[in-house]
Amino acid sequence: MLKYYKIFLFVFLIIFFAGGCEFEEKNYIRPVPIALEAVDLSATGFTAKWKPMLGANSYTLELATDDVFEEGIVNSFPKVINDTLFNVENLEASQTYYYRVKATRDNGDTEYSNVVKATTDGLAPPKVLDPDHVTPVSFTAQWQPVPEAESYLLYIATDIGFASILEKYNGFETTDTTYVINDLTVNQKYFYKVKAKRGKATSDFSSTIFAPTSELETPVIQEATEINLTSFTINWGEVSGATSYLVFISTDPLVTDTLSGYGPKEVTASSLIVVGLNANTTYYYRIQAKNSLTPSGKSEIVATKTGQLSNPVAQSASDVQINSFRANWDSAEFATSYTLDVARDPNFTNFLSGYRNREVVNTSEVVSNLLRNTTYYYRVRAKGFGSSSDPSNTVEVITTSFASPLALNAIEVQPTSFKAVWQPVSNAHSYRLEVATDPNFTSTLSNYNNVSVDDTVKLVTGLTINKNYFYRVRAIRDSILSGYSNIISQTTTDLSKPQMQAATHVTLTSFHANWQPVSGAISYLIDVANDPLFTDIFVDYDNKELTATTLTVTGLDANKTYYYRVRAKNNVAISENSEVGSAKTSAIDPPLASAASSVTMSSFQANWSAVTNADSYLLDVAVDPNFQSLVPGFNAKEIFDTFEIISDLEPATTYYYRIKAKGLNSTSSFSNVINATTAQLPPPNVLNATHHTVFEFTANWEEVTGATSYLLYVATDAAFTQVLPNYNGKEVVGSTATVSDLEPHNTYYYRLRSRRLSKVSDYSNVRAVNASIASGCRISEIEISGVEREVFTYDDEDDLVEKIELFDIAGPTTLMQDFSMTYNGSGQILTATRREWNGVVMETTENWSFDYTSGRLSGIAKTDATNGNPLSYLQFQYNDEGMVSELLFYTDATQVTLIDKETYLYNTKGQVTSVEDKDGNEIKKFMYNNAFNAEALFHPDIALMLHNATGGTNQPIIHIHDLTYYQYYDSGTSAWKNFSYVYDYNEKGVPVKIYANNGIPDIIYEYEDCDF
């Protein structure tokens, strides 16, 4: 590609100079590459990209942790690259990097490109697991590994708030995902949580796991006994002092996702029969002893596999045709169905479409759509109790070249002849007929031993009167013979066949078969069947002999067609069959559907009249009058009464029902159609909110009978035009719901709709929830117990802090420091004057001037109030989310000489978790709870003026949540100092006192105009 760029450039220059154009060297702008945004960002790297540059031979890529590429150049960079992208690897997680690129051409290197910023992803928090190997004085903490993590930080405390952290385990670092915690107290509650770490970056905390020690020994698990298809017995050794045992059973080896009813199941014995399992399935279980104090550790995990179904035995195929055959197999004990495989190869790698794990409920299946004269293989597995057996033996079957003929009953039967008849076979050229005196065809007639026939009928002559003969036929095409047809038996006779007459006296279950008498006949033989080919003849009417010419056929099903034929008989012969007669029995009457009753919003009762001879009724219920969309469970549902309650329906919906009567092995026609419309779903009655705190309240309502859930709407206006995104029809159950993540100063409104299936009610009444903190609520004083107190003076119009005074607690009127502020009309701070005293002598006076850019505080210039000399300049930089990302300290507003820099790292909740200095060293760490931070009542830009003992001193950010844990690096002692905080809150969840430790005094808040 570079070659073609060079050719293009050469041609361009020839054309340019040939045109007589002139330019001065000083006007030539030397091109540089264009760096593009990074892609494929992960916790350990990204792909740097740039646009190709005309005439470039290669590129040099620089990577650094600072955007001026001075002190933060990453090892092994710069790199020379012959492409327009590069995969940067082995980086720190949650770290911001900068890269730029220059091109190398024949005439030298270009300048560097623009600088691109790329921040690697953060680490995911680990997923912690329940403790293992719990003893009276120890347990094993465990968690799942986090991709790209190099180590983990383990925290263990005796309280869930982690105010009392064990000294050794306050961020204990380990590279394993398990750690044995020893030297613990018997029957003590412990809690642990973990962070993932890579380089200097750490993840958020994992969830917290409860890990109490126990005086009980861990049960000793034993092998399961009495194992069968769907159950087994769990056994374990008894534990001294245990009053019961907790049994955990799962299908995963870690026993995390337990079976329903076994997560855990409490028993008092030392064994348990586990039932209702799937066959041929491995289950994992463990035991925990329990008494009134704390449970023991969990036992080792034991695996047990349930029994397996026995394999079926595949039998030879039958009914083999050119394009089908019937696969057969023996039944297997306990099997509820079978799965059939059919393939073109014995290894079953080339399955026949539709015949891989094909489920069959019988012990045979017709396999169709096959190729002629082709070899196939089949096998079968038993299925039941949620499992399958191993495959059966394999059976081979070869389809025929073409179809076998279907032999029909002989016609024109005479004393010494008859005509053999069969159905034609497509593409057959001729047929081969065999006639014999035995059904095995060992004694074939010489003139009819494989005789060739060009038609589908052949006159067979030279026979003996009243003798039984057998015939069969094969088709032939291109010298290829088909399989044999079925075998037809025929006896010669001199009797005429009977002439049939119409059936009479037809009822629900019987009719009279009639025929004319035959001369010479002394009796008649009658067949009655379900089909006109007489393949399904009734046992009681199979060759039934009688002397009359009429027969009452009884024991029949209603509304069904039957077929019958008759042969005449004398002492020496039997005639050929008569023509086939038929008769259809009467149908039972349909029911009369009547109006629905007991109609509610979720059900109604369908009603109909009783029908004589009906044993039951078949009920259809649909949502359309054409019954195209049937209600599940009501597609010909069998009912043994004249009514049925249809439930679990949708409100305000029209349903339709119809009925058939069932009896005498038949069904009637449909009844008339009845429609029924369910009642409307009412909205709930909404009650006043309860448990109202700063960030949440509990919405309450009266439940509606029949409603399965409710849709909750929460807005900041009574007209619900400003609905909260998370509560715009949020589906809830029960009669209460917690509404959280609220703004303290907002008034909220909520209402609900009832829901059942796809239908919802109208809106309920509306309830208002007043702001948890009144709009004029403010802090009047902060007392740092035993040290000092900070007093705040506000203007009466905008509730803005005009003055902050810091008094010595030992001398309540002794002023130590104060701030006086002025504001513009937009509520932004213009100036602040800071004064500081030593007793009664003023030591320093500073003027602070505030700069804003696009509505954000961008800088604070500090000058000496006495001479106007600059003292320092604080510059604020923000990330893409509008949060302070860096605070830079300069000597003055020219921002030339950088004194120091703090970089702020945030978690996903927008809370600062750590602070780094200008060298990238971590110097502060923070943790928070979900409670309200009282200082959030202040203007956010006075954060640097507040003086408190919460570890937040001189931080440029006020969080809306309370600080619970703070660490800072003491460079004097080269060690971290740790502080944790416990709060007292009023009923609205607003802190009134902070209890600190490690030498930090308590803090007491005083409020005014807050309506608490």
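In what order do the 3 strands of the open sheet that contains β17, β18 and β21 stand? Before I answer, please keep in mind that what we are looking at is a predicted model, and that I will go through a few of its parts one at a time.

The order is β17-β18-β21, and the pairing in this open sheet is antiparallel. If sheets are new to you, it helps to know that the strands of a sheet pair through backbone hydrogen bonds, either parallel or antiparallel. In this sheet, β17, residues 221-225, and β21, residues 271-274, stand at the edges, and because each has a single partner strand, one side of each is left without a neighbour in the sheet. The twist from one strand to the next averages 20°. Looking at one pair in detail, we find that β17 is joined to β18, residues 232-236, by 3 bridges, and that Ile221 has Trp236 in β18 as its bridge partner.

Let me now move along the chain to another open sheet of 3 strands, which has the order β55-β56-β59, with antiparallel pairing. Which strands stand at the edges here? They are β55, residues 685-690, and β59, residues 736-739, and each has a single partner strand, so one side of each is left without a neighbour in the sheet. On average, and with direction ignored, neighbouring strands of this sheet are turned by 25° against each other. Between β55 and β56, the latter covering residues 697-702, there are 4 bridges, and these two strands run antiparallel; within this pair, Val686 stands opposite Trp701 in β56.

Next, the cavities. A search of the whole structure finds 2 cavities of 30 Å³ or more, and the second largest holds about 30 Å³ of space. Which residues line that second largest cavity? The lining is made of His692, Val694, Phe697, Leu742, Glu743, Asn746, Tyr748, Val769 and Asn770, and when these residues are sorted by class, 5 are nonpolar, 3 are polar and 1 is charged.

Finally, I would like to turn to a single residue, Gln817, which is found in strand β66, residues 815-823. Is Gln817 buried or exposed? Its relative accessibility is 15%, and because buried means under 20% relative accessible area, Gln817 counts as buried. The side chain of Gln817 also has a partner, since a polar contact of 3.2 Å joins it to the side chain of Arg834.

Note on methods:
Residues numbered from 1 in each chain as written. Predicted model: local features only at pLDDT ≥ 70, side-chain atom pairs only at ≥ 80, totals over all residues. Heavy atoms only, no water. Pairing = 2+ DSSP bridges. Axes fitted to C-alpha atoms, helices over the stretch in contact; angles between N-to-C directions. 1 Å grid on protein atoms, 1.4 Å probe; cavity = no way out; pocket = protein on both sides within 12 Å on 5 of 7 lines; lining within 4 Å. Points joined across faces, edges and corners; volume = space filled by probe spheres on them. Nonpolar A, V, L, I, M, F, W, Y, C, P; charged D, E, K, R; others polar. Buried < 20%, exposed > 50% of the residue type's maximum accessible area, 1.4 Å probe, protein only. Polar contact = N/O pair within 3.5 Å; in protein donor to acceptor, adjacent residues only side chain to side chain.
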